[in-house]
Amino acid sequence: MDNFELFSESDLSTLHFETLAKRRGFEFIAGIDEAGRGPLAGPVVAAAVILPLEFTLPGLTDSKKLSEKQRDKFYPQIRQQATAVGIGVASVAEIDKINILQATLLAMERAVYRLSHLPDHLLIDGITPLPLEISQQTLKKGDSRSLSIAAASVVAKVVRDRIMYSFSRQLPEYGFSKHKGYGTLQHRQAIAQFGPSHQHRKTFAGVKEHLEKCID
């Protein structure tokens, strides 16, 4: 595993890290990112994206810096231009069982294995490597520095938002379509009023306290 970082914040304009990996002999380089580590409800979703070196998509960056409308615009373009896209999901039950970090790594691993062909090098957003026998490089703020990771961040975010929209139809009282499970005031008030649902992370503060009240 490689953890060196050779380029600057302007790297996102081109595929610097992907090109470097190509020069080292790797053929299929996948960018990996997740969405949904912080919310009180819903799964964590990860995406793995392999881009061609001629890939261009002006304006693409970290999904958190884009509006929902921009993400929805980029999503089909990424799916169309990417060499391969894999999506992995870790459920609320898995988050509560193994903790959010391990569930995130599990979702990322699943995303890698759902690619149409296995990559030989991974570019991972963050500082935690995956427990895989694949060459990999972790990148702090990778979703703002690597186009592959930025693409993965958009795919993961759009997929997770769509999951939360579906939950909102099933559980309208919680307002998932508005806050996507994050701990907004509206969401916390709904939890206090209706109690946690089966889509709430019962080991998270802000949910756990209401479970304890129900037990009392």
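## Pocket, sheet and aromatic cluster

In this predicted model, the largest pocket has a volume of about 220 Å³.

Visitor: What lines the largest pocket?

Guide: The lining comprises 16 residues. Nearest the centre lie E34, A35, G36, K64 and Y182. Two elements, β1 and α5, each give two or more residues to this lining.

Visitor: What makes E34 a lining residue?

Guide: A lining residue has an atom within 4 Å of a pocket point. E34 is listed in the lining of the largest pocket, so it meets that cut-off.

Visitor: Why is the pair of Y174 and F176 called stacked?

Guide: Two aromatic pairs are counted. In this one, the ring centres of Y174 and F176 are 5.7 Å apart. The limit for a pair is 6.5 Å, so the rings qualify. Their planes meet at 15°. Stacked requires under 30 degrees, so the pair is stacked.

Visitor: How do you know that Y174 is buried?

Guide: The relative accessible area of Y174 is 3%. Buried means under 20%, so Y174 is buried. F176 has 0% relative accessibility and therefore counts as buried.

Visitor: What makes the pair of Y174 and F194 edge-to-face?

Guide: The angle between the planes of Y174 and F194 is 70°. Edge-to-face requires over 60, so the label fits. Centre to centre, the two rings are 6.1 Å apart. This pair links distant parts of the chain. Y174 sits in the loop between α5 (147–170) and α6 (176–179). F194 belongs to helix α7 (residues 185–194), and the two residues are 20 residues apart.

Visitor: Why does F194 count as partly exposed?

Guide: F194 has 42% relative accessibility. Partly exposed runs between 20% and 50%, so F194 falls in that class. Y174, F176 and F194 form one aromatic cluster.

Visitor: What makes β3 and β5 edge strands?

Guide: The open sheet has five strands in the order β3-β2-β1-β4-β5, with mixed pairing. β3 (84–90) and β5 (135–139) each pair on one side only, and these are the edge strands. From one strand to the next, the twist averages 20°.

Visitor: How do you know that β4 and β5 pair?

Guide: Strand β4 (residues 121–125) and β5 share five bridges. At least two are needed, so the strands pair. Their sense is parallel. One bridge joins I124 to T138 in β5.

Visitor: Which strands does α5 lie across?

Guide: α5 lies across β1 (29–35), β2 (44–50), β3, β4 and β5. The helix runs at about 40° to β1.

Methods. Residues are numbered from 1 along each chain as its sequence is written. This is a predicted model: local features need pLDDT of at least 70, side-chain atom pairs count only at pLDDT 80 or more; totals for chains, interfaces and linings use all residues. Side-chain values use heavy atoms; hydrogens and water are left out. Rings of Phe, Tyr and Trp (its six-membered ring) pair if their centres lie within 6.5 Å; planes under 30 degrees apart count as stacked, over 60 as edge-to-face and the rest as tilted. Buried means under 20% relative accessible area, exposed over 50%, partly exposed in between (1.4 Å probe, protein chains only). Helices (H or I, at least four residues) and strands (E, at least two) are DSSP runs, numbered from the N terminus. Axes are lines fitted to C-alpha atoms, for helices over the stretch in contact, and angles run from 0 to 180 degrees between N-to-C directions. Contact means heavy atoms within 4.5 Å. On a 1 Å grid over the protein atoms alone, a cavity is a set of points where a 1.4 Å probe fits but cannot get out, and a pocket is an open set with protein on both sides within 12 Å along at least five of seven lines; lining residues have an atom within 4 Å of a point. Grid points are joined across faces, edges and corners, and a volume is the space filled by probe spheres set on the points.
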